[in-house]
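Student: I have a protein model open and I'd like to learn how to read it. Can we start with a strand?

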Amino acid sequence: MNDKKNLSKSYQFDNVEEKWLQRWNEAGSFRAEMEEGKQSFSVVIPPPNVTGVLHVGHALNNTMQDVLVRYHRMCGDNTLWVPGTDHAGIATQNVVERQLATEGKGRHDLGREAFVERVWDWRKEKGGTIINQLKRMGASCDWERERFTMDEGLSAAVREAFVNLYEAGLIYKGDYIVNWCPRCHTALADDEVEHKDKKGKLYHIRYPFADGSGHVVVATTRPETMLGDTGVAVHPDDERYLHLADVGILLPLTDRIIPVVFDRHVQKDFGTGALKVTPAHDRDDYEIGMRHSLPIMKVMDDHGVMNDKAGKYEGLDRFDCRKKLVEDLKTQGFLEEIEDYDHAVGQCYRCATVVEPTTSLQWFVSIKPLAEKAVNAVRDGRITIYPKTWYNTFYSWMDNIRDWCISRQIWWGHRIPAWTCRDCGKLMVESTDPDKCVQCGSTALEQETDVLDTWFSSALWPFSTMGWPEDTKELETFYPTSVLITSFDILFFWVARMMMFGLHFMEGEVPFKDVYLHALVRVKHGKKMSKSTGNVIDPLVIMEQYGTDAMRFTLTAFAAQGREIKLDEDRIEGYRFFINKLWNAARFAMMHVEECGASITAVVNDPKKLPLIHRWVLSRTDRATADVRRALDEYRFNDAASVIYQFVWHEFCDWYLEWIKADLFSKDEVLQAQARGVLLHVLETILKLIHPITPFVSEEIWGVLPGERVMLVTSEFPEVRGWQDDEVEEQVELLMGVITGLRNIRSEADVHPSTKIEAFLLCSDTEKTALVEKYAAAISGMARLESLTVAAERDKPDDAGIYIYQDMEMYVPLKGLVDVEKERNKLERERNKIEKSLKQIRGKLGNEKFLANAPAEIVEKEKGKQAELEVKLAKVAEAEKRLAEIG
């Protein structure tokens with residue numbers, strides 16, 4: 001399979017990662033198989049934008065997917081992970097338009113066809129960046145199946161879906177209030193509008209009664225829209241305004257009289273109980289206008305500039321108009337009051353421009369019938385959402401969903417497959433370009449200029465990438481997919497729409513059985529990453545600095561369901577040390593198993609015949625295997641990482657390897673063979689368990705183990721063998737407690753590691769003392785004892801270090817082992833140093849100016865330092881007390 005050679009002294013991750021990326025690719029290790037009789041596991045990648053570069057959210061999401069994909073591939077399942085990218089309509093068009101701007105051109109200078117060709121050229125040159133970065137991460141997608149939401153097959157699927165929905169009466173074209181971005185010059189769906197809290201103004205304006213008998217005060221945050229008012233609404237039970245039914249309102253700054261309408265949408269106890277109605281520029285007002293047949297009067301154009309309906313304000317930008325109009329209201333006595341007002345302002349999710357609600361002729365999906373099916377699929381358990389805290393949010397949003405505006409006034413994207421006959425006006429929606437009008441036979445056909453919302457094609461992703469609308473082997477084998485892993489913030493952009501389209505187009509079959517929503521990744525103290533604050537953690541930099549496996553293990557360890565992910569570079573470095581620990585353990589193991597055959601692991605087939613420590617490690621290995629399998633099956637990624645970390649570092653490395661050293665160097669061939677066989681088996685199991693999380697280091701170590709082997713990526717994941725033995729684990733845990741206690745006495749007294757010490761253990765439990773006596777040699781070797789005396793009771797020396805574990809007391813006479821005066825002076829210097837540092841930190845934290853001006857993360861860091869120093873000071877005090885007892 002590969003060159004057999006010794007592991008290098010240190011783990012050189014850059015060379016290893018490059019080597020295995022190439023070898024996996026050459027071997028076709030990630031290729032999906034479709035074997036009869038096997039279970040299937042399939043995942044489709046949330047397609048990153050073709051404009052994107054790898055960020056930490058991508059790194060988290062794809063690490064989690066890869067962990068599952070590698071796990072199921074090793075379990076022997078038919079495993080498919082479909083990669084690909086999204087054409088990202090608005091984002092990609094904006095990138096190319098900016099490129100053109102540097103040449104002094106705009107897209108209209110090129111024309112539609114040439115501009116679209118220019119975008120395709122850009123995609124060929126730059127669009128593969130994020131795919132290459134995902135490969136660099138070790139993502140084990142079937143790269144031969146890479147898809148693009150505008151490739152030929154997916155484009156055909158989009159047309160088929162559009163025609164199907166149109167013919168089913170679920171797509172329609174009509175005037176409706178939409179979210180309009182004046183910068184991108186396109187409509188936006190509700191979930192493409194991000195609402196940001198802003199400090200604004202609330203303007204209270206007097207609207208005179210048309211008969212001059214008085215006025216009503218209305219309030220608005222957007223006074224420029226009053227020029228489009230076509231009514232004032234009040235509640236039908238509000239007696240204050242009943243007399244205005246036949247009077248009307250004189251619209252300020254104009255000569256128009258607008259009616260008063262009576263509508264139950266108005267809250268009569270809120271403010272004055274009167275609401276200005278601007279049907280062309282507010283969603284609620286549009287609905288009121290429809291109910292009362294009010295005129296729709298647009299006063300702005302698509303650029304957010306006031307039009308000819310705005311009178312003397314024509315040509316002003318909407319915000320400049322606001323300033324001028326407020327001045328005029330004040331001058332003419334119509335402005336009652338201006339108050340500060342905090343409110344949520346809708347912004348374009350791409351360019352952050354303030355969105356303008358306006359009426360426009362658009363294409364819509366009638367979403368309610370589709371949404372009901374998706375809700376039912378979740379309610380009846382055909383789709384499970386992890387974590388469960390998202391269920392109520394999902395139901396609430398779906399129950400209040402509005403029709404989906406799917407048309408976009410841009411050029412890059414799937415052009416809507418609708419044609420209008422210029423001669424007779426017939427509208428045709430076809431999956432292939434028509435040659436002539438089906439009604440009059442004319443060839444004068446004009447295609448719709450709008451393109452589809454990017455999320456329309458993305459909603460087809462789980463089945464279009466497998467060949468739909470054709471019946472394919474892939475769909476038969478891998479659909480529905482097993483799980484979708486994605487960020488919670490696109491639950492409604494994408495996840496809900498995939499549910500709706502999947503159920504509609506795939507004959508009631510869900511697109512995925514499980515949905516796992518992970519949190520956003522933040523920095524150490526929970527702050528959002530931001531380029532402006534310079535706290536962005538770049539995964540590409542992390543991989544260069546610490547290695548890909550360290551980053552992957554960190555992200556897996558942090559991925560707890562429902563918990564915010566606070567990434568800390570110190571933890572990444574800590575997990576790099578963990579990987580180095582595994583590397584060094586493997587190097588030690590290879591010193592003893594390198595010349596052996598793989599068959600030496602046969603000794604594990606009957607664990608009960610093995611010495612206690614081997615039975616213990618096999619029990620712990622089996623328990624770790626069961627725990628990791630269960631954790632991955634339940635999407636508890638952090639638990640899987642925690643189990644592996646605990647077992648490898650604290651049980652395999654810290655205890656087992658230390659314990660068996662004597663046997664590995666023993667002249668007793670049976671003891672040596674047992675130790676070698678169990679060691680190799682446990683190391684093999686560890687590498688298999690950790691491979692889904694840290695594929696590079698595990699594959700590299702696996703490649704030098706003795707015997708002929710397939711690559712680790714395609715080897716079998718460990719099965720639970722039934723070797724868990726509670727009694728054995730309890731016995732070894734007791735022995736470890738004794739060794740730990742004796743080591744603590746040595747450490748706290750600062751006795752040199754090479755100094756042999758005398759120890760006493762007192763316990764009245766004969767079973768425990770028998771166990772300790774049986775393994776006294778092992779205890780003495782690991783605790784570096786001169787002698788170990790076990791008794792039920794005896795006099796306790798005054799000058800001894802003491803440790804109590806369970807019902808056992810351990811004593812080590814310290815007289816003559818410790819230079820009391822030297823230790824006392826050392827502790828005094830340490831205490832002075834700590835107290836000096838504490839004084840400085842307490843001074844900072846007691847300074848109100850520092851607390852008010854310093855960033856929160858700096859204050860938290862100082863508090864952490866203070867707590868750490870206080871613990872150290874307490875330990876020094878304990879050590880001083882012990883010294884006083886000795887001398």
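Tutor: Sure, and keep in mind that this is a predicted model. In a regular strand, side chains alternate between the two faces of the sheet. Now look at strand 2: Asn78, Leu80 and Val82 sit on one side, Thr79 and Trp81 on the other, and all are buried, so both faces are covered.

Student: Which strand is joined to strand 2, and how do the two run?

Tutor: Strand 1, residues 40–44, is linked to strand 2 by 5 bridges, and the two run parallel. To get from strand 1 to strand 2, the chain passes through helix 2, residues 56–74, making a right-handed β-α-β crossover. For a spot to find on screen, Ser40 stands opposite Asn78 of strand 2.

Student: Let's look at Gln65 in helix 2. Is Gln65 buried or exposed?

Tutor: Buried counts as under 20% relative accessible area. Gln65 has 1%, so Gln65 is buried.

Student: What does the side chain of Gln65 make polar contacts with?

Tutor: One partner is the side chain of Asn62, at 3.4 Å. Another is the side chain of Trp81, at 3.2 Å. Leaving out residues up to four places away in sequence, Gln65 touches Val43, Val44, Ile45, Pro46, Trp81 and Ile485.

Student: And how do I read the two ends of a helix?

Tutor: Try helix 8, residues 283–292. At its start, a side-chain oxygen of Asp282 comes to within 3.0 Å of the backbone nitrogen of Asp284. After helix 8 comes Ser293, with a positive phi near 55°.

Key: Residues are numbered from 1 along each chain as its sequence is written. This is a predicted model: local features need pLDDT of at least 70, side-chain atom pairs count only at pLDDT 80 or more; totals for chains, interfaces and linings use all residues. Side-chain values use heavy atoms; hydrogens and water are left out. Buried means under 20% relative accessible area, exposed over 50%, partly exposed in between (1.4 Å probe, protein chains only). Helices (H or I, at least four residues) and strands (E, at least two) are DSSP runs, numbered from the N terminus. Two strands pair if DSSP finds at least two bridges between them. A crossover is right-handed if, with the strands pointing away from the viewer, the path from the first strand over the helix to the second runs clockwise. A polar contact is a pair of N or O atoms within 3.5 Å; within protein, one must be able to donate a hydrogen and the other to accept it, and residues adjacent in sequence count only if both atoms are side-chain atoms. Contact means heavy atoms within 4.5 Å.
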